[in-house]
Amino acid sequence: MRILTGIQPSGTPHIGNYFGAMRQVCNIQDKGETFIFLADYHSLTTSPDPEQLRKNVLELALNYLACGVDPQKAILFRQSDVPQVCELTWILNNVTPVGLLERAHSYKDKIAKGFAPNNGLFSYPVLMASDILIYQSNLVPVGRDQKQHLEITRDIAIKFNNQYGEIFTIPDELIPEEVAIVPGTDGQKMSKSYNNTIPIFGREKEIRKAIMNVVTDCKSLEEPKDPEHCNVVALYKLVATPEELEEMKARYRAGNYGYGHAKMALFEKLWAYFEPMRARRAELEQNLDYVWEVLRKGAERATEEAEKTMTRVRRAVGLR
Ligand code: ADP
Ligand code: TRP
């Protein structure tokens, strides 16, 4: 079985990204032949600064390798290292009804957020379909917000296969059942747009400060506290064992345990949880040649697969 997923390069990762997305990607690599790519062509749809895009791509590769993507198991590559995917996009454009793209929520959302309605943004789902179809993927792990893009991919694949013969595998999405929303320091969903994040790879002082800023109610040290509605406990749950969690909850209920104590416990656990990843990242940072080599090898392997599909596609449509 072939599994494929794409990730858009987007700045400094926070623990919401880790528990909500990165961990899933790392977990899938044992489940089949896995392709993971850094979706830099897709990033162009929102016109990032070129220098920033270059930086973000390397950052993303470093972060995923540090957080557990194993190049012995998964094929990690940069999307634009396999430009055949753009060739396929052009071909698929010609079997894609405009109405199908006009109904895409993500396009409408982006426009509503004030992004320029360029054609790249509009045909984003066709490029995504090409990513998936060119590697003959069976299973595509994505967030719930990407479900419609998978439906569009299947529509395009079926239409192409009907017109030109059975070339593409029809893929399924894999949407994690319940990924809890990680709260930010202000209690809203943790997000870089809300300035409420705890970065995975921040310095000790920075992370300690972020944790000390987590909002709580203002009960005094002595008062018993409610562990079921507390952001500190919600974050502690992500990094503590079930026993440790129960112990903290019991202390909350008993009183004489302040939010400062809980935050200190949270910091210790969180810092220790990400320690191996920080160490791995520091190691990788000293060895960027290795990172580029992983991406190069990944691209080589991906190109091989993409070319196999493209040879058939070019023939089928009459380009060869
Ligand atoms: P941000 O909201 O910081 O801009 P992104 O939209 O770039 O984050 O999200 C990247 C991935 O991380 C997505 O798959 C998203 O579902 C996941 N993610 C982001 N924030 C959280 C959160 N607070 N809790 C759970 N998952 C999250
Ligand atoms: N659109 C996806 C996202 O924003 C990223 C992506 C691009 C992708 N191409 C893909 C995901 C192919 C899965 C398969 O999350």
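**Figure 1. Surroundings of ligand 1 in the predicted model.** In this predicted model, ligand 1 is surrounded by 13 residues, and H14, V182, M190, S191 and K192 are the closest of them. By class, this shell is made up of five nonpolar, six polar and two charged residues.

**Figure 2. Polar contacts of ligand 1.** The view shows contacts made by nitrogen and oxygen atoms of the ligand. A polar backbone atom of V182 lies 2.9 Å from a nitrogen atom of ligand 1. For K189, the contact comes from the side chain: one of its N or O atoms is 3.3 Å from a nitrogen atom of ligand 1. S191 also takes part through its side chain, with a polar atom 2.8 Å from an oxygen atom of ligand 1. Ligand 1 taken alone exposes 540 Å², and 69% of that area is buried by the protein.

**Figure 3. Surroundings of ligand 2.** Around ligand 2 there are 13 residues, of which H42, Y124, M128, D131 and Q146 come nearest. Which element gives the most to this shell? Helix α8 does, with four residues. Both β1, spanning residues 2-7, and α8, spanning residues 124-134, supply at least two residues each. Sorted by class, the shell holds seven nonpolar residues, five polar residues and one charged residue.

**Figure 4. Polar contacts of ligand 2.** Three side chains are shown with their contacts to nitrogen atoms of ligand 2. In Y124, a polar side-chain atom is 2.7 Å from a nitrogen atom of ligand 2. The side chain of D131 places an N or O atom 2.8 Å from a nitrogen atom of the ligand. For Q146, the distance between a polar side-chain atom and a nitrogen atom of ligand 2 is 2.9 Å. On its own, ligand 2 exposes 370 Å², and the protein buries 88% of this area.

**Figure 5. The contact between domain 1 and domain 2.** The domain assignment gives domain 1 as residues 2-180 together with 288-317, and domain 2 as residues 202-273. Taken over C-alpha atoms, the centres of the two domains are 38 Å apart. How many residues of each domain are in contact with the other? Four residues of domain 1 touch five residues of domain 2. The size of an interface is often expressed as the accessible area lost when the parts come together. Here the area buried between the domains is about 350 Å², and carbon and sulfur atoms give 82% of it. On the domain 1 side, I15, Y18 and F19 lose the most area to domain 2, together 91% of what that side buries.

Conventions
Residues numbered from 1 in each chain as written. Chains lettered and ligands numbered in written order. Predicted model: local features only at pLDDT ≥ 70, side-chain atom pairs only at ≥ 80, totals over all residues. Heavy atoms only, no water. Near = heavy atom within 4 Å. Polar contact = N/O pair within 3.5 Å; in protein donor to acceptor, adjacent residues only side chain to side chain. Areas by Shrake-Rupley, 256 points an atom, 1.4 Å probe, with all protein chains shown as cover. Nonpolar A, V, L, I, M, F, W, Y, C, P; charged D, E, K, R; others polar. Domains from an automatic or database assignment. Contact = heavy atoms within 4.5 Å. Buried area = accessible area lost by both parts, 1.4 Å probe.
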